[in-house]
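Colleague: Before we look at any one feature, could you take me through how to read a model of this kind, giving the general idea and then the case at hand?

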Amino acid sequence: AQRAQTLTSQLLAFSRKTAIAPRIVNLNDVVDSAGRILSRLLGADIDLKIQTSADLGNPRTEREAFEQVLLNLAKNACEAAGDRGQIVFRSRALRQFTLHGIRHRLVACIEIEDNGPGISQDLLPQLFSPLVSHKPDGAGLGLSIAQELVSRHDGLIECQSLPGRTVFSILLPIGASRENKAA
């Protein structure tokens, strides 16, 4: 367990060191790009839908890292949905939204939804912890690294899951916050 924890710490440190400077990014372009890559990889077995919102906004982020987060979450969704499953990428803007105790005028919400069997309710609270996986061959690093990458931008990944519907939501603040701390 100690060796695994050390490996996880090293991987997270590596991902921090190789960061590209954040720049203003059109998230809908990143969602579309990740969808195209996924579509080429999947072929016709999975029904992929992309629904983007024009009022999403453009946060400062690391495009390549954010695209990788989307692809990792989508890969998990595809594995969960199985053959003839359905994956939906959805983007929308949330207004006057509190994230990490800070009220933001605008938060980008990118959702990846699948129609797979769902994630055990027992596993959900620890889902983003290193070395936690519900897959027999899973290393349990993908979601913790994705959460770390999103956290670098004051964002958060949340998960809601029931049988037949799992949604991972990536929340990223856009622009300045309205208040320092929500009361």
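Modeller: Let us begin with a single residue, Ala108, which is buried, with a relative accessible area of 1%; buried means under 20% relative accessible area, exposed over 50%, and partly exposed in between, with a 1.4 Å probe and protein chains only. This is a predicted model, in which local features need pLDDT of at least 70 and side-chain atom pairs count only at pLDDT 80 or more, while totals for chains, interfaces and linings use all residues. Residues are numbered from 1 along each chain as its sequence is written, and side-chain values use heavy atoms, with hydrogens and water left out.

Colleague: Where does Ala108 lie, and which residues does Ala108 touch?

Modeller: Helices (H or I, at least four residues) and strands (E, at least two) are DSSP runs numbered from the N terminus, and Ala108 belongs to strand β5, residues 102-114. Contact means heavy atoms within 4.5 Å; not counting residues up to four places away in sequence, Ala108 touches Leu27, Leu56, Arg92, Ile170, Leu171, Leu172 and Ile174. A C-alpha to C-alpha distance can be read beside the separation in sequence: Ala108 and Gly155 are 47 residues apart in sequence and 9.4 Å apart in space.

Colleague: Is Ser169 buried or exposed, and what is Ser169 in contact with?

Modeller: Ser169, found in strand β7 (residues 165-177), is buried because its relative accessible area is 11%. Leaving aside neighbours within four places in sequence, its contacts are Cys109, Ile110, Glu111, Leu156, Ile157 and Glu158.

Colleague: How many helices and strands are there in the protein chain, and what pattern does the chain follow?

Modeller: There are four helices and seven strands, and read along the sequence they give the pattern α-β-α-β-β-α-β-β-α-β-β. Buried residues make up 42% of the 183 residues, and among contacts between residues at least 6 apart in sequence, 73% join residues at least 24 apart.

Colleague: How should I read the packing of two helices, and what is the angle between α2 and α3?

Modeller: Axes are lines fitted to C-alpha atoms, for helices over the stretch in contact, and angles run from 0 to 180 degrees between N-to-C directions. Helix α2 (residues 27-42) and helix α3 (residues 63-81) pack at about 45°, with their axes 9 Å apart. That makes α2 oblique to α3, since angles under 35 degrees count as roughly parallel, over 145 as roughly antiparallel, 65 to 115 as roughly perpendicular and the rest as oblique. Residues of α2 including Leu27, Val30, Ala34 and Leu38 meet residues of α3 including Phe66, Leu70, Ala74 and Cys78.

Colleague: And α4, at what angle does α4 pack with α3?

Modeller: The angle between α3 and α4 is about 150°, and their axes are 10 Å apart, so the two helices are roughly antiparallel to each other. Ala65, Val69, Leu73 and Asn76 of α3 make the contact with Leu143, Ala146, Leu149 and Val150 of α4.

Colleague: What span should α3 have, and how far apart are its end C-alpha atoms?

Modeller: The expected span of a helix is 1.5 Å times one less than its number of residues. The 19 residues of α3 should therefore span 27 Å, and the end C-alpha atoms are 26 Å apart, which agrees. The helix is followed by Gly82, whose phi is positive, near 70°.

Colleague: Which residues other than glycine have a positive phi here?

Modeller: Most residues other than glycine have a negative phi. Among those with a positive value, Gln96 has a phi near 50° and Asp154 has a phi near 60°. Gln96 lies in strand β4 (residues 86-99) and is partly exposed, with a relative accessible area of 30%, whereas Asp154, in the loop between α4 (142-151) and β6 (156-162), counts as exposed because its relative accessibility is 53%.

Colleague: Where does Asn58 lie, and which residues is Asn58 in contact with?

Modeller: Asn58 lies in the loop between β2 (47-51) and β3 (60-61) and, at 39% relative accessibility, counts as partly exposed. Neighbours within four places in sequence aside, Asn58 is in contact with Ile24, Val25, Asn26, Leu27 and Ile174. Asn58 and Gly175 are 117 residues apart in sequence, yet 8.4 Å apart in space, C-alpha to C-alpha.
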